[in-house]
Amino acid sequence: MEENHMIHKNGEVDTDKVDETLNRMDSERADEILGNFEEFKSYLSKRIQLGKSAGLNEEQLANTAQQIADYLADNVEPRNREEQLLRELWKVGNEEEQHKLAHMLVKLAQ
């Protein structure tokens, strides 16, 4: 991926760039994506397709989802019931359970 993106070709996420990426998005669009779970899934689906086209495999996509979910759980307030549930599941899960949930989120969004 490009230098200014938060996800590298090897699937690693530059969590320092998550804020930057969210800030590049206008606030109205961010509210639209985060405020509606169907819109969130659609946005996630597009990003998964982008990752696949960049050569990321399912494990790399799940690792990426896990790193981003960690960031979101710690830094972004849920804006709907579905996001609240995901955040609560994320926070009570151990690392293995979080990784499995990340795989399920990738599948959900595909």
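**Exercise 1. Which residues of H3 are buried?**

Before we start, keep in mind that this is a predicted model.

*Solution.* Start by finding the helix: H3 covers residues 37–53. Next, pick out its buried residues, which are Phe37, Phe40, Lys41, Tyr43, Ser45, Ile48 and Gly51. Then look at what sits over them: the cover includes helix H2 (27–35), helix H4 (58–75), H5 and H6.

**Exercise 2. Describe the overall make-up of the protein.**

*Solution.* Count the elements and you get 6 helices and 0 strands. Reading along the sequence, that gives the pattern α-α-α-α-α-α. Now for burial: 39% of the 110 residues count as buried. As for the outside, the protein exposes about 7000 Å², with 48% of that coming from carbon and sulfur atoms. Finally, take the contacts between residues at least 6 apart in sequence; 61% of these join residues at least 24 apart.

**Exercise 3. Check the span of H6 against the expected value, then look at both ends of H3.**

*Solution.* H6 has 15 residues. The expected span is 1.5 Å times one less than the number of residues, so we should look for 21 Å here. The end C-alpha atoms of H6 are indeed 21 Å apart, which agrees. H3, with its 17 residues, reaches 24 Å, close to the 24 Å expected.

Now the ends of H3. At its start, a side-chain oxygen of asparagine 36 comes to within 2.9 Å of the backbone nitrogen of glutamate 38. Just after H3, glycine 55 has a positive phi of about 100 degrees.

**Exercise 4. Is histidine 99 buried or exposed, and what does its side chain meet?**

*Solution.* First place the residue: histidine 99 is part of helix H6 (residues 95–109). Its relative accessible area is 17%, and the cut-off for buried is under 20%, so histidine 99 is buried. It shares that label with other H6 residues, including Leu101, Leu105 and Ala109. H3, H4 and H5 are among the elements that cover the buried residues of H6.

Next, the partners. The side chain of histidine 99 makes a polar contact with the side chain of glutamate 59, at 2.8 Å. Beyond its neighbours within four places in sequence, histidine 99 is in contact with Glu59, Ala62, Asn63 and Gln66.

**Exercise 5. Work out what surrounds asparagine 80.**

*Solution.* Look in the loop between H4 and H5, where asparagine 80 is found. Its relative accessibility is 14%, which is why asparagine 80 counts as buried. Follow its side chain to two backbone nitrogens: that of glutamate 83 at 2.8 Å, and that of glutamate 82 at 3.2 Å from a polar side-chain atom. Setting aside residues up to four places away in sequence, asparagine 80 touches Leu34, Gly35, Asn36 and Phe37.

For another asparagine to try, go to asparagine 94, which caps the N-terminal end of H6. There, a side-chain oxygen is 3.0 Å from the backbone nitrogen of glutamate 96.

**Exercise 6. Trace the contacts of leucine 86, then find a nonpolar surface patch.**

*Solution.* Leucine 86 belongs to helix H5 (residues 81–92). Leaving out neighbours within four places in sequence, leucine 86 is in contact with Phe37, Leu101 and Leu105. Take leucine 101 from that group: it is 15 residues from leucine 86 in sequence and 9.0 Å away in space, C-alpha to C-alpha.

For the patch, turn to leucine 85, also located in helix H5. Leu85, Leu89 and Val92 form a nonpolar patch on the surface, with about 300 Å² of accessible area together.

Terms used
Residues are numbered from 1 along each chain as its sequence is written. This is a predicted model: local features need pLDDT of at least 70, side-chain atom pairs count only at pLDDT 80 or more; totals for chains, interfaces and linings use all residues. Side-chain values use heavy atoms; hydrogens and water are left out. Helices (H or I, at least four residues) and strands (E, at least two) are DSSP runs, numbered from the N terminus. Buried means under 20% relative accessible area, exposed over 50%, partly exposed in between (1.4 Å probe, protein chains only). Contact means heavy atoms within 4.5 Å. Accessible areas come from the Shrake-Rupley method with a 1.4 Å probe; for residues, only the protein chains shown count as cover. Patches are made of residues with over 30% relative accessible area and no salt bridge: like charges are joined within 9 Å, nonpolar side chains (Val, Leu, Ile, Met, Phe, Trp, Tyr) within 5 Å. A salt bridge is a side-chain nitrogen of Lys or Arg within 4 Å of a carboxyl oxygen of Asp or Glu. A polar contact is a pair of N or O atoms within 3.5 Å; within protein, one must be able to donate a hydrogen and the other to accept it, and residues adjacent in sequence count only if both atoms are side-chain atoms.
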